[in-house]
Amino acid sequence: MKKILLTFIIGILIYSCSATKTATDKTRYFDENNVEISKSKFEQICSTNKLLDIPGDSTNHKKLTLREKRGKITNKALLESLIEKEIKQELDSTKPIVIIYYPGKDPCNSSGSASKELRKTWYRDLEDGINKIAQIKPIYIYKDDDGLKRFAGFINNWYKDPEGTIERLFFKYHYPCSSFVVISKDGNFISYFGEFGKEYVWEATKLLNK
């Protein structure tokens with residue numbers, strides 16, 4: 001009886017592993033133009049860090065996307081109004097808007113070995129650089145506040161994405177860590193997806209502060 005039971009359990013384990021492998025093998029991979037590519041090609045492109053790995057149109061699809069997008073919004077005045085209502089502060093419409101966007105807790109923004117002091121210095125430098133370029137401060141917007149306690153002590157003013165507008169206009173997917181977008185006085189924007197260096201924010205602010 002014990003031998004029969006043991007054989008049965010081993011059979012289940014073998015089947016489970018086989019089923020998992022089969023499910024994994026069914027994953028389909030697509031480049032940034034939605035053209036299907038091999039898994040090895042997908043991983044090779046990912047390793048360059050020039051594109052991000054995001055969910056595709058189906059649960060077994062993985063897709064690449066460019067890390068930067070440029071465009072223009074059609075109604076900047078409405079966006080300003082929604083932000084002003086949320087932050088309870090009037091914006092200068094002649095200056096760009098810099099938004100740091102937190103999508104919610106994920107493995108990227110909830111881990112890392114940097115101390116709180118180092119992170120505090122990083123954000124202070126980020127804000128100082130933006131202030132020197134355009135005499136403005138970044139606005140910190142979140143979709144989901146889970147995990148924001150990690151920033152306590154150096155970013156105290158987080159604001160809820162008003163009516164999901166920032167996500168809808170600029171961040172279609174949950175990009176890892178956080179992202180940013182800079183919007184010019186004319187509505188032109190540069191958005192960057194996923195973990196970023198402060199130099200990227202400064203450069204985008206310079207380009208759109210003209």
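Guide: Before we start, buried means under 20% relative accessible area, exposed over 50%, and partly exposed in between (1.4 Å probe, protein chains only). This is a predicted model, where local features need pLDDT of at least 70 and side-chain atom pairs count only at pLDDT 80 or more, while totals for chains, interfaces and linings use all residues. Residues are numbered from 1 along each chain as its sequence is written, and side-chain values use heavy atoms, with hydrogens and water left out.

Visitor: Which residues of α4 are buried?
Guide: α4 is a helix covering residues 116-134; helices (H or I, at least four residues) and strands (E, at least two) are DSSP runs numbered from the N terminus. On the side turned away from the buried one, Glu117 and Lys132 are exposed. The buried set is Arg119, Tyr123, Leu126, Gly129, Ile130, Ile133 and Ala134.

Visitor: Within what arc do those buried residues fall, seen down the axis of α4?
Guide: They line one face of the helix, because the view down the axis of α4 puts them all in a limited arc. Directions run from the helix axis to the C-beta atoms. That arc is 120°.

Visitor: What covers the buried residues of α4?
Guide: Look for contacts, meaning heavy atoms within 4.5 Å. The cover includes two strands and a helix: β6 (97-102), β7 (139-142) and α6 (198-208).

Visitor: Which element gives the largest share of the largest nonpolar core?
Guide: A nonpolar core is a set of buried Ala, Val, Leu, Ile, Met, Phe, Trp, Tyr and Cys residues joined through side-chain atoms within 4.5 Å. The largest one has 24 residues, and Phe151, Trp158 and Phe180 have the most contacts inside it. Elements giving two or more residues include β6, β9 (179-183) and β10 (188-192). The largest share, 5 residues, comes from α4.

Visitor: Leaving aside neighbours within four places in sequence, what is Phe151 in contact with?
Guide: Phe151 is among the residues with the most contacts inside that core. With those sequence neighbours set aside, its partners are Tyr102, Tyr123 and Trp158.

Visitor: Which strands stand at the edges of the open sheet?
Guide: The sheet has 4 strands in the order β2-β1-β4-β3, with mixed pairing. An edge strand has a single partner, so one of its sides is left without a neighbour in the sheet. The edge strands are β2 (36-37) and β3 (51-55).

Visitor: Over which residues is the pLDDT below 50?
Guide: pLDDT is the predictor's confidence in each residue, from 0 to 100, and the chain mean is 86. The stretch with pLDDT below 50 has 0 contacts beyond near neighbours in sequence. Where pLDDT is low, the predicted coordinates should not be read in detail. Here, that stretch is residues 1-24.

Notes. The expected span of a helix is 1.5 Å times one less than its number of residues. Two strands pair if DSSP finds at least two bridges between them.
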